[in-house]
Amino acid sequence: MTTKRPSVIITRRLPDVIETRMMELFDCRLNEDDTPMSHGGLVQAMQESEVLVPTVTDRIDAAALSQAGPNLKLIASFGTGVDHIDLKTARQRGITVTNTPGVLTEDTADMTMAMLLALPRRLSEGERLVRSGNWQGWSPTSMQGHRIWGKRLGIIGMGRIGQAVARRAKGFGLSVHYHNRRKVHPDIEAELEATYWESLDQMLSRMDIISVHCPHTPATYHLLSARRLKLLHDLAYIVNTSRGEVIDENALARGLGAGEIAGAALDVFEHEPAINPKLLKMENVILLPHMGSATIEGRIAMGEKVIINIKTFADGHTPPDRVIETMF
Ligand code: 8YV
């Protein structure tokens, strides 16, 4: 980049303080009405900027990248997941990619725990009942859920967020199990009293609650496939705050409908913002609008990271949150 005040296009509205600071530092174009950009709009933005600041709602695929202008040198994504960006093509075109890891770990873990508690205890159902006006008052047998204390939690993906969930889960009396590409450091395993399962299949068949925390990559697409979902016992629950694509959503809906899975709490979906219509009708399913990291503090911290990444890059240094394909 030739200039220390690079031209930056931000695809969505960001917190006010972040946009204000970015306007001070960079030659910025904002998206006042916050409408997600079309593919064509994205391509145009990539032709007219040196830095693009996209979010998870922007599909930066090979087709878009191949039409990027010669000045586009940095994609400073607002978010941790980078499955919306074709990293290989970006590298081939000499475009650096950064993300915002770390600052949304605790918020996402809190949301995961909230969902993990709400699902077996039927919180959403209870709330719907009260609001419907049909609640007839307390009864010994109504709204019975399942106890959380003493159950087995199987975490898929023991990175930052998986570990933060494990830390919380311990306090709720859950025993922690995990499947990961590799075992975590023995000190962390000891702290979390976590049991490692090299075989995901073996872990699945023995857990009461499964929580998904791995990124979406070609290797994790439909990791919870129809075959694997069948390994769960019929009192097992699934929580997903990672990416919808990790679960075969159709197979999940089928399993839930057939009573082969007790329930699911989903904050992410395979075809966001579209939701599988079968899931919409189910009582034993909690559906949230991808809000796992949505705190004011978290969003500002993400924006700060984006600013630091752009500033460092514009100053001629490697940005702290540079993403490379081999990380995934
Ligand atoms: C973000 C997320 O809010 O960071 C991620 O990977 O899934 C979300 O929590 C979103 O990606 C912002 O672009």
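Helices here are DSSP runs of H or I with at least four residues, strands are runs of E with at least two, and both are numbered from the N terminus. Keep in mind that what you have open is a predicted model.

**Stop 1: helix H1**

Start by selecting residues 16-25, which make up helix H1. Show the side chains of Arg21 and Glu24, which sit three residues apart in this helix, or about one turn. How far apart are the closest N and O atoms of Arg21 and Glu24? They are 2.7 Å apart, and the two residues form a salt bridge. Side chains of opposite charge can pair when their charged atoms come close. Now switch on a surface: Arg21 counts as partly exposed, with 40% relative accessibility, and Glu24 is partly exposed too, at 48%.

**Stop 2: more salt bridges**

The structure holds 21 salt bridges, and Arg21–Glu24 need not be your last look at them. Select Glu193 and Lys170 next. Their closest N and O atoms are 3.3 Å apart, and this pair also forms a salt bridge. Which parts of the chain does the pair link? Glu193 is in the loop between helix H8 (186-192) and strand E8 (195-196), while Lys170 is in helix H7 (residues 160-171), so the link joins distant parts of the chain, 23 residues apart. On the surface, Glu193 is exposed, with a relative accessible area of 57%, whereas Lys170 is partly exposed at 34%.

Then jump to Glu260 and Arg254, another salt bridge, with 2.7 Å between the closest N and O atoms. Glu260 is partly exposed, its relative accessible area being 27%, and Arg254 is partly exposed at 40% relative accessibility. While you're in salt-bridge mode, select Arg13, Asp16 and Glu19 together: salt bridges that share partners join these three into one network.

**Stop 3: a nonpolar patch**

Now select Val130, Trp135 and Trp138 and show them as surface. What do they make? Together they form a nonpolar surface patch of about 430 Å². Click on Trp138, which you'll find in the loop between helix H6 (123-132) and strand E6 (152-156). Is Trp138 buried or exposed? Trp138 is exposed, with a relative accessible area of 71%, and the cut-off for that label is over 50%.

**Stop 4: Arg122**

Step over to Arg122, in the loop between helix H5 (105-118) and H6. Check its backbone: phi is near 60°, a positive value in a residue other than glycine. Arg122 counts as partly exposed, at 26% relative accessibility.

**Stop 5: His213**

Select His213 in the loop between strand E9 (209-212) and helix H10 (226-229). Its relative accessibility is 11%, and since anything under 20% is called buried, His213 gets that label. Which side chain does the His213 side chain contact? Add Ser211 to your selection: the two side chains make a polar contact at 2.7 Å.

**Stop 6: a cis peptide**

Zoom in on the backbone between Glu272 and Pro273. The peptide bond joining them is cis, with omega at about 0°. Pro273 belongs to the loop between strand E11 (263-266) and helix H12 (277-280).

**Stop 7: the ligand and its surroundings**

Finally, pick the ligand and expand the selection to its neighbours. The residues around the ligand are Thr55, Val56, Phe78, Gly79, Thr80, Gly81, Leu104, Arg243, His290, Ser293, Arg299 and Met302. Colour them by class and you'll see four nonpolar, six polar and two charged residues in this shell.

Which atoms should you draw distances to? Go to Thr80 to begin with, where a polar backbone atom is 2.7 Å from a ligand oxygen. Arg243 offers a polar side-chain atom, also 2.7 Å from an oxygen of the ligand. For Arg299, draw the line from a polar side-chain atom to a ligand oxygen and you get 3.1 Å. How much of the ligand does the protein bury? Taken alone the ligand exposes 330 Å², and 89% of that is buried by the protein.

Before you leave, click on His290, one of the residues around the ligand. His290 sits in the loop between strand E12 (285-287) and helix H13 (296-314). Its phi is near 45°, a positive value in a residue other than glycine. With a relative accessible area of 26%, His290 is partly exposed.

Methods
Residues are numbered from 1 along each chain as its sequence is written. This is a predicted model: local features need pLDDT of at least 70, side-chain atom pairs count only at pLDDT 80 or more; totals for chains, interfaces and linings use all residues. Side-chain values use heavy atoms; hydrogens and water are left out. A residue is near a molecule or strand if one of its heavy atoms lies within 4 Å of it. A polar contact is a pair of N or O atoms within 3.5 Å; within protein, one must be able to donate a hydrogen and the other to accept it, and residues adjacent in sequence count only if both atoms are side-chain atoms. Accessible areas come from the Shrake-Rupley method with a 1.4 Å probe; for residues, only the protein chains shown count as cover. Ala, Val, Leu, Ile, Met, Phe, Trp, Tyr, Cys and Pro count as nonpolar, Asp, Glu, Lys and Arg as charged, and the others, Gly among them, as polar. Patches are made of residues with over 30% relative accessible area and no salt bridge: like charges are joined within 9 Å, nonpolar side chains (Val, Leu, Ile, Met, Phe, Trp, Tyr) within 5 Å. A salt bridge is a side-chain nitrogen of Lys or Arg within 4 Å of a carboxyl oxygen of Asp or Glu. Buried means under 20% relative accessible area, exposed over 50%, partly exposed in between (1.4 Å probe, protein chains only).
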